[in-house]
Amino acid sequence: MNILCIGDVCGSVGCQFLRRKLPAFKKLKAIDMVVVNGENSADGNGLLPASAEHLFASGADVLTGGNHSFQRREAMAFYDENERVLRPANYPAGAPGGGMAIVDFGYTVAAVINLMGVVYMEPLESPFDTADRLIEKAGEAGAKIILVDFHAEATAEKRGLGFYLDGRVSALFGTHTHVQTADEQVLPGGTGYITDVGMTGPIQSVLGVKPDLAISKMKTHLPVRFENAAEPCMVNGCIFSVDPKTGRCTGVERVNFS
């Protein structure tokens, strides 16, 4: 089973580019499942119902989130209404939505878990403890395949959780930094891993934002209204080949195309 995990989609320009590219790429690579991080899919940042529906119509099966998941008030109810639109599971009880989705393909069942790091991020529940709890729930739901989107800043925290979950999940991919790393691998216990899958959006940008606006923010430390840069765009992601019977990852392919 080939599972494509796509890095943070940035704004309407990223959404439109993914719509043009994803259907043909799925056919080319015989992709069976697509997980997309959509927490920046609305212009500016955050997620809106319209941007989420656009990503689903483009071919996504599950959307994951991160520190911008609750940026837009219009999306709050949407998380409760759509089980396949996730936010980090280690947010406190009472936050809208959920952090795990179960997808039944008939021949196998897959679980997608969304977690957020706590190093240089929000002081949430430990992602290690949250992962332990949700992996048990995924097993009770019959999931053979378990995927983890770990939305985190620190490389060491991502590597640490990867090894901690090695052999217990099919793949762990990092998001949030918008910069694709070149450390894709299958860990010793059979878990596919990459520290960060990167982003989908404008190439000539600072994490999807117009460079002059990002530079102004860094130089002046004053409020700046960010705007997404324009095309040309790129798609960053990773393909994990997973045995649907055992849940073990058999191969990892990093994806970067424009």
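Which residue in β8 is the bridge partner of H151? It's T175, and the views below start from that strand in what is a predicted model.

**View 1. Strand β8 is largely enclosed by the rest of the structure.** Five of the five residues in β8 (residues 171-175) are buried, so the strand has the rest of the structure around it. Check both faces: A171, F173 and T175 are buried on one side, and L172 and G174 are buried on the other. On the β7 side (residues 145-151), five bridges hold the two strands together in parallel. To get from β7 to β8 the chain goes through helix α5 (residues 155-165), in a right-handed β-α-β crossover. β8 also pairs with β10 (residues 192-194), again parallel, over three bridges. In that pairing, A171 sits opposite G192 of β10.

**View 2. The open sheet has six strands with mixed pairing.** Reading across, the order is β5-β6-β7-β8-β10-β9. The edges are β5 (100-104) and β9 (185-186), each of which pairs on one side only. Further in, β6 and β7 are parallel partners joined by seven bridges. If you want a residue pair to zoom in on there, take V112, whose bridge partner in β7 is L147. Helix α4 lies across β5, β6 and β7, and runs at about 165° to β6.

**View 3. Helix α5 lies across β6, β7, β8, β9 and β10.** Relative to β8, α5 runs at about 170°. Which residues of α5 are buried? They are E157, K158, L161, G162 and L165. These residues span an arc of only 135° around the axis, which puts them on the same side of α5. As background, an α-helix has 3.6 residues a turn, so residues three or four places apart point the same way. The buried residues of α5 pack against β6 (109-116), α4 (127-140), β7, β8 and β10. Just after the helix, G167 takes a positive phi of about 90°.

**View 4. T195 is a buried loop residue.** You'll find T195 in the loop between β10 and β11 (199-202). How much relative accessible area does T195 have? The value is 3%, so T195 counts as buried. Leaving out residues up to four places away in sequence, T195 touches T155, K158, R159, G174, T175, T181 and D183. Two of these names have come up already: K158 is among the buried residues of α5, and T175 is the β8 partner of H151. The side chains of T195 and Y193 also make a polar contact of 2.8 Å. For a sense of scale, the C-alpha atoms of T195 and A93 are 28 Å apart, with the two positions 102 residues apart in sequence terms.

**View 5. V235 sits in strand β12 (residues 233-242).** With a relative accessible area of 2%, V235 is buried. Not counting residues up to four places away in sequence, V235 touches I6, F17, L18, M199, T200, V255, N256 and F257. V235 and P202 are 33 residues apart along the chain, yet their C-alpha atoms are separated by 9.2 Å. Ahead of the strand, P232 belongs to the loop between α6 (211-220) and β12. The peptide bond from E231 to P232 is cis, with omega near 15°.

**View 6. S41 is buried in the loop between β3 (33-37) and α2 (49-58).** Its relative accessibility comes out at 2%. What does the side chain of S41 reach at 2.7 Å? That would be the backbone oxygen of G38. Setting aside neighbours within four places in sequence, S41 is in contact with V9, G11, S12, C15, G46, L47, S51 and L55.

**View 7. H178 and L207 each have a positive phi although neither is a glycine.** For H178, phi is about 65°, and the residue is in the loop between β8 and β9. H178 is buried, at 10% relative accessible area. For L207, phi is about 60°, and the setting is the loop between β11 and α6. L207 is partly exposed, with a relative accessible area of 43%.

Key. Residues are numbered from 1 along each chain as its sequence is written. This is a predicted model: local features need pLDDT of at least 70, side-chain atom pairs count only at pLDDT 80 or more; totals for chains, interfaces and linings use all residues. Side-chain values use heavy atoms; hydrogens and water are left out. Buried means under 20% relative accessible area, exposed over 50%, partly exposed in between (1.4 Å probe, protein chains only). Helices (H or I, at least four residues) and strands (E, at least two) are DSSP runs, numbered from the N terminus. Two strands pair if DSSP finds at least two bridges between them. A crossover is right-handed if, with the strands pointing away from the viewer, the path from the first strand over the helix to the second runs clockwise. The arc is that of the directions from the helix axis to the C-beta atoms. Contact means heavy atoms within 4.5 Å. A polar contact is a pair of N or O atoms within 3.5 Å; within protein, one must be able to donate a hydrogen and the other to accept it, and residues adjacent in sequence count only if both atoms are side-chain atoms. Axes are lines fitted to C-alpha atoms, for helices over the stretch in contact, and angles run from 0 to 180 degrees between N-to-C directions.
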